[in-house]
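Subject: Structure handover and notes

Hello,

Here is the structure I said I would pass on. My notes follow below it, grouped by region.

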Amino acid sequence: MSGATGKATRAAAALLAVLLFLLTSCAQIPRSGPVGKSTDESAGNPNNAPVFFPSAPREGAGPEAVIEDFYLAGSGYEDDYAVARQYLTQASSVTWKPDQRVLVFRAARVVPTGVENVFNYELDLSYSVDADGVATQLPEGTKENIPATLTQVDGEWRIAELPDGTAIPEETFKVIYGAYPIYFYDPTFTYAVPDVRWFIKKKTVKAMTSALLGGPAPYLKGAVVSAFPSGIKLARESVPVVSGAAQVDLTAKDLVEASNEDRLRMQTQLALTFRSQPDVINVELRANQDLVRVEDNGSVLPPIRDKNVPARQIAVSNNDLVRYENNRISPLPDIQSVSALSPRAPAESPVSQSAAFLNAARGTLYSIVPGQPARSLTTRATLTRPSFDRYDWVWTAGPGANGATEMIAHRPAGVAEGASVPSVTLSPAWLSGRTVKEFKVSREGTRALVITEQNGKTKVQVSGIVRAADGTPKDLTVPMTLLATNDPDQGVWVDDSTVAVMKGSPSDAVTPELLFLTASQPQKLAPWPGLTALSAGNGGEEIFAQSTEGIFQRIGNGWSPQLKGPIDPSYPG
């Protein structure tokens with residue numbers, strides 16, 4: 001097949017898919033129905049979900065066209081990818097498992113391998129999504145080859161061997177799939193922690209339930225917990241929604257033997273997960289289709305979702321620690337002056353009156369608590385600005401004795417003057433060779449935003465924090481990566497699924513951006529000259545940035561001047 005012919009074929013197929021999508025969205029099955037009727041097991045606005053009807057194999061198509069058309073047909077998930085299976089031999093159509101992985105590409109082409117009837121479908125990847133909906137964002141230029149072996153069946157080329165999974169264009173993926181948070185608990189069952197997954201919009205409730213039962217994404221394993229015991233499964237391969245009730249039918253033994261407290265937490269975990277599904281009003285737990293009563297006797301408090309931070313900030317003014325709130329500064333209550341230490345980059349605990357800061361050289365971390373003078377916690381060649389977690393541990397990062405990056409956490413609260421402060425040093429293998437530029441603990445304490453640099457290139461990642469039963473840090477999980485458009489050197493949490501990052505510069509215009517766990521593309525904020533520091537409270541309107549001209553608050557699509565004088569403002573945490 002010539003290049004021109006291949007392009008024309010792809011364009012025609014893509015146009016057909018778009019036309020069919022438009023026709024489908026204009027002729028939806030009515031959503032309303034008689035009371036008591038069950039919707040499609042997907043729920044979540046299923047009848048408005050887009051459906052692609054791809055083309056069946058064309059008579060006389062060559063091997064390259066068959067491969068291209070097969071993967072275009074992978075957008076048609078109806079009837080278990082019935083059209084796509086027509087491009088396969090009978091044997092491979094039976095064994096092919098399309099739901100095992102989705103490769104989302106920016107561009108694709110068929111490339112001969114030099115082996116007869118064997119080709120590679122070469123992809124420039126945007127994402128890889130596994131069977132549980134866990135997505136990995138990939139930088140532009142990431143390549144992957146999908147091998148395909150073809151043979152002739154009754155004179156027509158068909159695919160005889162190929163890996164499981166599908167590959168679809170990025171724009172199609174954004175139409176068919178959606179990002180949905182499923183929820184786990186922090187280890188104390190106090191907070192709900194989102195774990196964002198990507199599912200076909202018409203199959204969300206069943207997919208969400210299966211993913212929830214399968215446990216957290218790799219970067220959260222060990223950092224969060226589930227109310228569902230390991231090994232519990234759906235008793236049937238559907239989750240019908242009847243009169244607004246999602247009927248989750250689980251293996252009877254696991255459900256019946258669970259305590260009422262655990263069943264209530266299971267039900268709550270599912271209800272949180274189904275928040276995005278408008279057709280789901282409540283959740284019923286069932287064992288072999290029999291309703292299992294869950295009594296809410298008040299012994300289990302609902303978890304806090306998207307924990308807020310206090311409205312105040314800590315800052316430095318006239319070379320001392322101050323409180324910055326409502327665009328005014330005031331003394332930090334019950335805290336002695338630390339002006340002799342030239343404080344910079346202060347942090348305040350969200351649960352106690354403990355504070356921490358660096359010296360002007362940013363090589364020594366100090367802490368201070370009411371009634372005591374400041375004390376030195378650690379000294380390194382350089383340290384990241386401190387961050388407190390909800391267990392009152394204050395974190396920083398810097399090089400160890402051998403030059404390798406270490407994460408250091410101290411717990412100064414409740415320690416008598418002169419006594420040693422509990423501390424933990426972590427050296428996760430994935431940090432090898434990287435320098436930490438920023439480390440910020442999430443508000444519920446189970447995750448950390450980590451910005452690292454290596455050879456001039458930065459990574460923005462989210463890692464899980466593994467703790468002992470008393471909250472003492474034990475490890476940081478291998479992180480997931482968020483793609484930023486620049487090379488940011490600082491970042492802050494904005495809410496439980498959004499971070500703000502930027503590359504500060506005292507002389508150039510700086511464009512901060514929001515990175516979402518629930519979306520693929522960063523959102524650029526308005527540029528502003530000379531921004532050097534960033535802080536965030538609760539939501540996108542409580543983002544503050546600092547320059548030599550003072551503090552600025554994000555207002556709409558711009559920045560509003562605030563107080564001039566204080567520097568390094570930071571919300572508790």
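In which strand is Arg-101 found? Arg-101 belongs to strand β2, which covers residues 101-112. Please keep in mind throughout that this is a predicted model.

Arg-101

With a relative accessible area of 31%, Arg-101 counts as partly exposed, because that value lies between the 20% limit for buried and the 50% limit for exposed. Leaving aside residues up to four places away in sequence, Arg-101 touches Ser-128, Val-129, Glu-144, Gly-165 and Thr-166. Asp-164 is 63 residues away from Arg-101 along the chain, and the two C-alpha atoms are separated by 7.0 Å.

Helix α6 and its surroundings

Helix α6 spans residues 204-214, and 9 of its 11 residues are buried, so the helix is largely enclosed by the rest of the structure. The buried residues are Thr-204, Val-205, Lys-206, Ala-207, Met-208, Thr-209, Ala-211, Leu-212 and Leu-213. Lys-206 is thus on the buried list along with Thr-204 and Thr-209.

What do the buried residues of α6 pack against? They pack against β8 (177-185), β9 (191-200), β11 (245-250) and α8 (260-273). The helix lies across β8 and β9, and runs at about 40 degrees to β8. After α6 comes Gly-215, which has a positive phi near 100 degrees.

The sheet with β8 and β9

β8 and β9 belong to an open sheet of 3 strands, in the order β8-β9-β14, with mixed pairing. β8 and β14 (304-305) are at the edges and have a single partner strand each, so one side of each has no neighbour in the sheet. β9 and β14 run parallel and are joined by 2 bridges. Tyr-191 stands opposite Ile-304 in β14.

Nonpolar cores

The largest nonpolar core has 51 residues, and those touching the most other members are Phe-228, Val-248, Leu-250, Leu-270, Phe-274, Leu-285 and Leu-482. α6 supplies the largest share of this core, 6 residues. Apart from this core lies another of 41 residues, including Ala-65, Tyr-77, Ala-167 and Ile-176. As background, nonpolar side chains in soluble globular proteins tend to be buried together.

Leu-285 has contacts with Val-248, Leu-250, Leu-255, Arg-263, Met-266, Gln-267, Leu-270, Asp-290, Leu-291, Val-292 and Val-294, again not counting residues up to four places away in sequence. Among these contacts, Val-248, Leu-250 and Leu-270 are also on the list of core residues that touch the most other members.

Strand β28 and its partners

β28 (residues 457-467) is mostly covered, with 9 of its 11 residues buried. Its pairings are as follows.

- β27 (residues 447-454) runs antiparallel to β28 and is joined to it by 8 bridges. Thr-452 stands opposite Lys-459 in β28. The two strands form a hairpin with 2 residues between them, and Asn-455 in the turn has a positive phi of about 55 degrees.
- β29 (residues 473-476) also runs antiparallel to β28, over 3 bridges. Ile-465 has Leu-476 in β29 as its bridge partner. The hairpin of β28 and β29 has 5 residues between the strands, and Gly-471 takes a positive phi near 95 degrees there.
- β30 (residues 480-482) pairs with β28 in the antiparallel sense, over 3 bridges. The bridge partner of Val-460 is Leu-482 in β30. Leu-482 is also one of the residues that touch the most other members of the largest nonpolar core.

Aromatic rings and charges

How many aromatic pairs does a search of the whole structure find? The search finds 17. In one of them, Phe-173 and Tyr-177 have ring centres 4.8 Å apart and planes at 25 degrees, so the pair is stacked; the limit for stacking is under 30 degrees. Phe-173 and Tyr-177 are both buried. One aromatic cluster is formed by Phe-70, Tyr-71, Tyr-81, Tyr-87, Trp-96, Phe-105 and Tyr-121.

There are also arginines placed over rings. The charged end of Arg-265 sits over the ring of Phe-189, at 4.1 Å from the ring centre. Arg-390 lies over the face of Tyr-391, 4.7 Å from the centre of that ring.

Regards

Technical notes: Residues numbered from 1 in each chain as written. Predicted model: local features only at pLDDT ≥ 70, side-chain atom pairs only at ≥ 80, totals over all residues. Heavy atoms only, no water. Buried < 20%, exposed > 50% of the residue type's maximum accessible area, 1.4 Å probe, protein only. Helix = DSSP H or I, 4+ residues; strand = E, 2+ residues; numbered from the N terminus. Contact = heavy atoms within 4.5 Å. Core = buried A, V, L, I, M, F, W, Y, C linked by side-chain atoms within 4.5 Å. Pairing = 2+ DSSP bridges. Axes fitted to C-alpha atoms, helices over the stretch in contact; angles between N-to-C directions. Phe/Tyr/Trp six-rings, centres within 6.5 Å; stacked < 30°, edge-to-face > 60°. Lys NZ or Arg CZ within 6 Å of the ring centre and 35° of its normal.
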